[in-house]
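Biologist: Please take me on a close look at the interior of this protein. I would like to begin with one residue and then hear about the space and the ring pairs.

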Amino acid sequence: MEKFDLSMFIDESGSITKTDISFNRYFIIAILFTRKYGRLQRYFQKGIASLIQNPKYKTMLETHGEIKGSKLSETKKKPIYERIIRNCANDFELGIIVLDNTYTTDAFIKNHARTFNYILQLYLDNMFRHCSKYAKDTRNIRILLDEQNISTDAKYTLDDYLEQHFTVLNPLCNAVDVKYIDSKNHSMIQLIDFISNTFYRNLEKHDKTSIETVKMLLPYVCGGKIFDFSTNHDTRLHLNE
């Protein structure tokens, strides 16, 4: 079987915290898997071009260099998702990891970077490896994250950690390369920011308008379900009115 390279674009919503759990219960890591993101990028940019016909969003884009998912209603995101699904349904897969802070300990979250690395490693081992359409024929993995998410308390760097695990300890690919980039400069980081925020709104905010967009995206989620990182595995998406 011929092997291919795979790109993973990652963004997060919420916090890893033990503070005010009633308002900060969930931490979401969203992943966009794709072999070639050219078509995805093109249709996402078309969606943004349509969006900025509204002066409010045009000003937002000109001022900040991007439109963050948290600044956009699910009603506004919906046509963008529809456009991508209509034209690029076979070109991507999503991963949604949910950490329920109710079950975390102070020791577990003491080093946020280490916690993030561990959660991502478990997801790739337990969900991606067994359920992803890309798992069996991946040669090299390139991971791109928003540089704003770099943790200054990092004891282990993500690339070293994942490289050792997935090329030596529990082989999945030949190489892992991690890059931190400014989301303003990469539309796929912006897209996964939208998606991360959609699932965060659904779980944390019980936002009724997110029900429709989550239902649209779920068929493209690896394994057809979220990866629930909690002791009781009792996290449930809100899918009913």
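**A look inside**

Modeller: Let's start with Leu 203, which counts as buried because its relative accessibility is 1%, and buried means under 20%. Please keep in mind that we are looking at a predicted model. Leu 203 sits in helix 7, and its contacts beyond four places in sequence are Tyr 26, Ile 28, Val 98, Thr 235, Arg 236, Leu 237 and His 238. Take Ile 28 from that list: in sequence, 175 residues separate Ile 28 from Leu 203, yet their C-alpha atoms are 9.3 Å apart in space.

Helix 7 turns up again when we move on to the empty space. There is one cavity of 30 Å³ or more, and the volume of the largest cavity is about 60 Å³. Its lining consists of Leu 32, Leu 40, Tyr 81, Ile 84, Ile 85, Phe 92, Leu 94, Leu 191, Ile 195 and Leu 217. Two elements, helix 3 (74-88) and helix 7 (187-205), each give two or more residues to this lining. Helix 3 provides the largest share, three residues. What about the chemistry of the wall: how many nonpolar, polar and charged residues does the lining have? The lining has ten nonpolar residues, no polar ones and no charged ones.

Now for the rings. The model has nine aromatic pairs. In one of them, Phe 33 and Tyr 123 count as stacked because their planes meet at 15°, with the ring centres 6.5 Å apart. Phe 33 belongs to strand 2 (residues 26-34) and Tyr 123 to helix 5 (residues 112-131), so this pair ties together parts that are 90 residues apart in sequence. Phe 33 and Tyr 123 are both buried.

Phe 108 and Tyr 118 make another aromatic pair, this time edge-to-face, with 6.4 Å from centre to centre and 75° between the planes. Here helix 4 (residues 106-109) supplies Phe 108 and helix 5 supplies Tyr 118, so the parts tied together are ten residues apart in sequence. Are these two rings buried or exposed? Phe 108 counts as partly exposed because its relative accessibility is 25%, and Tyr 118 also counts as partly exposed, at 34%.

To finish, let's return to the stacked pair and what it joins. Phe 33 and Tyr 123 are linked by ring pairs with Phe 128 and Phe 227 into a cluster.

Terms used
Residues numbered from 1 in each chain as written. Predicted model: local features only at pLDDT ≥ 70, side-chain atom pairs only at ≥ 80, totals over all residues. Heavy atoms only, no water. Phe/Tyr/Trp six-rings, centres within 6.5 Å; stacked < 30°, edge-to-face > 60°. Helix = DSSP H or I, 4+ residues; strand = E, 2+ residues; numbered from the N terminus. Buried < 20%, exposed > 50% of the residue type's maximum accessible area, 1.4 Å probe, protein only. 1 Å grid on protein atoms, 1.4 Å probe; cavity = no way out; pocket = protein on both sides within 12 Å on 5 of 7 lines; lining within 4 Å. Points joined across faces, edges and corners; volume = space filled by probe spheres on them. Nonpolar A, V, L, I, M, F, W, Y, C, P; charged D, E, K, R; others polar. Contact = heavy atoms within 4.5 Å.
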